[in-house]
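Colleague: Could you walk me through this one? I have the sequence and the structure open.

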Amino acid sequence: MSIFDEARTVERPRFFDGQELFAADLDGIAAFNQAMRWLHNRSLHQAGVGNGFAISGKRGDRQVRVQPGYALDSEGREIVLLETVVEPVPPVAGEPDGGPAFFDLVVSYPSDSDLEEAETRAGVCLPRGVVRLRERPVFCWVRLIRDVNGVLRPLDRKKALEIQNGLAIVLGRAEVLQCRLNADLSIAVRRTARPPRQPRLACGTERVAWEQWTTATEVVGAAAQAGSPLGLKAPVDTRSGGFRQAPRYAARVEGPRPLLVSEFEDSRLVFDLPAYVEDSTPEGFTCYVPAFALGVAISDLLLASVIEVAQKLWQITWFGIED
């Protein structure tokens with residue numbers, strides 16, 4: 001979504017002597033300034049911690065202390081903490097295998113339902129109304145589990161998307177065993193809101209949905225002729241890299257080779273050539289992998305068998321550099 005999608009008009013409130021003012025007029029001033037400020041934040045900064053939000057917790061502790069701080073989410077909203085907050089360590093014994101459980105402590109901007117009424121006043125010939133709402137950051141422990149590659153990822157899909165999309169800001173990671181910290185808190189996973197001064201580097205390994213890569217469809221006479229099979233291709237998701245512009249990608253296939261696949265009643269050894277990248281965007285790219293078999297041409301049937309095997313055995317490791 002473009003940062004301008006929600007700002008269809010830019011109208012600055014103005015007033016004149018003798019004008020009758022309503023609550024909506026004064027709320028419009030706050031809304032205008034807020035919209036311009038959030039637009040600035042979204043344009044010139046990234047989601048993360050701008051200042052403070054120091055966290056402390058030693059091995060054996062049952063609680064974590066969070067110091068005052070300032071952070072931004074991907075919508076440009078300011079997450080401000082003015083006093084020290086104490087968060088209890090998640091009351092879990094550990095993983096089923098007896099090992100420690102892992103959690104990320106995240107903070108997010110409060111929703112309207114989370115806002116606390118700080119002050120109310122009596123109206124003139126009208127009931128009392130709220131004149132001030134207090135914004136307090138919302139803290140949450142997010143349970144992590146290891147995926148098939150051994151990487152810690154949020155168990156809750158909704159929370160995973162909030163973190164990935166910059167709506168929840170990770171402050172630190174905790175290792176919990178018997179309802180206590182099993183190690184000092186780690187802040188290695190935290191992200192700064194200040195634009196990086198050096199090129200951004202990111203990498204990852206993804207299981208992808210392989211599909212056929214063929215030459216373009218040819219028109220012979222009045223009929224369309226299907227293209228010749230060349231190998232495999234797959235879209236690769238790189239949103240975890242947090243790129244703001246399309247980076248320079250490199251990719252390779254991870255997995256056993258050559259592949260032993262079946263064509264009719266015969267078995268074929270299929271080899272792959274170096275993968276290459278096209279259609280690069282900040283969110284991903286398309287990976288192309290040429291393939292060939294010894295002694296025979298790659299047929300549609302053989303390529304379908306290759307895709308079936310590669311879906312189980314192959315994954316893509318990628319690396320991106322954003323200048």
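**A helix end, a sheet and a surface patch**

Modeller: Let's start with G166, which follows helix 2 and has a positive phi, near 80 degrees. This is a predicted model, where local features need pLDDT of at least 70 and side-chain atom pairs count only at pLDDT 80 or more, while totals for chains, interfaces and linings use all residues. Residues are numbered from 1 along each chain as its sequence is written, and side-chain values use heavy atoms, leaving out hydrogens and water.

Colleague: What caps the N-terminal end of helix 2?

Modeller: D156 does, with a side-chain oxygen 2.8 Å from the backbone nitrogen of K158. Helix 2 covers residues 157-164; helices here are DSSP runs of H or I with at least four residues, and strands are E runs of at least two, numbered from the N terminus.

Colleague: Switching topic, what is the strand order in the open sheet?

Modeller: The order is 14-24-19, with antiparallel pairing. Two strands pair if DSSP finds at least two bridges between them.

Colleague: Why is one side of strand 14 left without a neighbour in the sheet?

Modeller: Strand 14 (200-206) stands at an edge with a single partner strand, so one side has no neighbour in the sheet, and strand 19 (248-254) is likewise at an edge.

Colleague: And how many bridges join strand 19 to strand 24?

Modeller: There are 7, and Y249 has G320 in strand 24 as its bridge partner.

Colleague: Last one: is L273 buried or exposed?

Modeller: L273 is partly exposed, at 41% relative accessible area; buried means under 20%, exposed over 50%, and partly exposed in between (1.4 Å probe, protein chains only). L273 sits in the loop between strand 21 (266-272) and strand 22 (276-281).

Note on methods
Polar contact = N/O pair within 3.5 Å; in protein donor to acceptor, adjacent residues only side chain to side chain.
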